[in-house]
Amino acid sequence: MSNEKGMSLIVKTVTRLTFGLIIIYGIYIVLRGHISPGGGFAGGVIITLSFILLMLAFGKDNVLKKLNQSRCLTFSSLGALIFLFIATAGFINKQKAVGGKEHFAIFGAGLIPLCDIAVSVMVGTGLFLMFFALVLLVEEKEGK
Amino acid sequence: MCFVLFSIGLYCILRKRNIIKIIIGIVIVEYALNLFLILIGYRIHGRAPIVAQDQEILNMVDPLPQAMVSTSIVIGLAIIVVLISLAIRIYEKYGTFDITKIRRLKG
Amino acid sequence: MELHLILLFMICASVAAVESKDLISGVITLSAAGLGLSLAFLILKAPNLAITQLVVEILYVIILIRAIINKDLVLIKDGRWLFNTISTFLFIGSFLIFAFFALKELPNFGQPIMKVAGEYLKSGLGQTGSANIVTAITLNFRSLDTLVETAILFTAIIGVLAIIRKVGKIYDPEKGKR
């Protein structure tokens, strides 16, 4: 797998076409996790897979312009912290999380979409970070 | 039949010498357990546990095992990734995936 | 019934994954088993799990292939082959016997005891406003469970980074980049 130049022209073109669609599908699954099947984790992994596809097709350097490693770590920690805050807010408030009034709307379910978004941000960037670490290790070993 | 799958995974864990094969066995055991938990909660002619608009459905399948298995899948992913990174480190250190050779080198 | 067909397919795929001579073919047949599991979830009316399983399966395949690329598989048989096989089969046999006795205590297939879950089904939409009951359970009724699960995943990510990061210090200590 030639890491610097990426794969052939066909793969690059198809990836350029489908990358936006995949990431929009992931966001759709995250946002409608409380109405239709889906949820934060699945949507986050789909976003990760879109970035992994981009990395496999175009090589390492093009992706690193968009998502740096430290930025990845920052986003992941931020998602985890937001979810921790939401989950422990119930202890302070001493009452249950407020349910929404209008059902079947995107923001009509109280705190659940916020939780979904936080989990998806954390999972997406964290798993991408993990994959990036594995790739980096393999490359260092080959270059050695 | 789910137990057959579990047995295959257990055989793979106990019998194989390759680390990647052991990881594959762990994944198969995890699949079997998830499937078993879902099979317990299944109700014949049930519906998926999603409330539709303007209608009352009462014969849904059990949503509680599904939530638990959803947690279980995530934890399984975390475990497998940590195991794979450990396997890569072991390969880098010893140059093999064979567990008996690793033991001999260590002692 | 199609569930039995899918289970047979999964069993065949896992046998092929265990017994294959090549690591890459083993991983690919394992992904076939995971696809069968996703279909089985869909038939058993669990679409949430079907989506999650499918996506996680793709991630497994990518990471495993990334791990085992350019590596070989050595087949060896040492002297205690017979003893190992016999003890393994004894262990599996005892497990199957106990599982057979434990299976009698469970409720029949298709009629679950829904003591807690019935309450969730009744009051799920009204209390949380979420039409998907599984999401309502994981993120509202049992949210602490999901919190600890997220903590486990985060710890795993940090652990992988720590395991991988050691390589810079071993091989070029004078640079000290990280």
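Mentor: A cavity is a set of grid points where a 1.4 Å probe fits but cannot get out. Keep in mind that this is a predicted model.

Trainee: How many cavities of 30 Å³ or more does the structure hold?

Mentor: Four cavities reach that volume. The largest has a volume of about 250 Å³.

Trainee: Which residues are the closest to the centre of the largest cavity?

Mentor: They are A:Gly39, A:Gly40, A:Phe41, B:Ser70 and C:Thr138, out of 17 that line it. A residue counts as lining if it has an atom within 4 Å of a cavity point.

Trainee: Which helices each supply at least two residues of that lining?

Mentor: In chain A, H2 and H5 (112-143) do. In chain B, H3 (63-94) does. In chain C, H3, H6 (133-141) and H7 (143-171) do. The largest share, four residues, comes from H6(C).

Trainee: How do the lining residues divide into nonpolar, polar and charged?

Mentor: Six are nonpolar, nine are polar and two are charged. Gly counts as polar here. Therefore A:Gly39 and A:Gly40, by the centre list, fall in the polar class.

Trainee: Let us turn to B:Gln66. Why is B:Gln66 called buried or exposed?

Mentor: B:Gln66 has a relative accessible area of 3%. Buried means under 20%. The value lies under the cut-off, so B:Gln66 is buried. B:Gln66 is found in helix H3 of chain B.

Trainee: How many residues apart in sequence are B:Gln66 and B:Tyr94, and how many Å apart in space?

Mentor: They are 28 residues apart in sequence and 41 Å apart in space, C-alpha to C-alpha.

Trainee: What makes up chain C?

Mentor: Seven helices and zero strands. Of its 178 residues, 47% count as buried. Each of those has under 20% relative accessible area.

Trainee: At what angle do H2 (residues 40-58) of chain A and H3 (residues 47-68) of chain C pack?

Mentor: The angle is about 35 degrees, with the axes 9 Å apart.

Trainee: Why is the crossing of H2(A) and H3(C) called left-handed?

Mentor: Left-handed means that the near helix is turned anticlockwise from the far one by less than a right angle. H2(A) passes H3(C) in that sense, so the crossing is left-handed.

Trainee: Which residues meet there?

Mentor: From H2(A), they include A:Phe41, A:Val45 and A:Leu49. From H3(C), they include C:Thr52, C:Val55 and C:Leu59. The contact residues divide into 12 nonpolar, one polar and no charged. Thr is not on the nonpolar or charged lists, so C:Thr52 counts as polar.

How values were computed. Residues numbered from 1 in each chain as written. Chains lettered and ligands numbered in written order. Predicted model: local features only at pLDDT ≥ 70, side-chain atom pairs only at ≥ 80, totals over all residues. Heavy atoms only, no water. Axes fitted to C-alpha atoms, helices over the stretch in contact; angles between N-to-C directions. Contact = heavy atoms within 4.5 Å. 1 Å grid on protein atoms, 1.4 Å probe; cavity = no way out; pocket = protein on both sides within 12 Å on 5 of 7 lines; lining within 4 Å. Points joined across faces, edges and corners; volume = space filled by probe spheres on them. Buried < 20%, exposed > 50% of the residue type's maximum accessible area, 1.4 Å probe, protein only.
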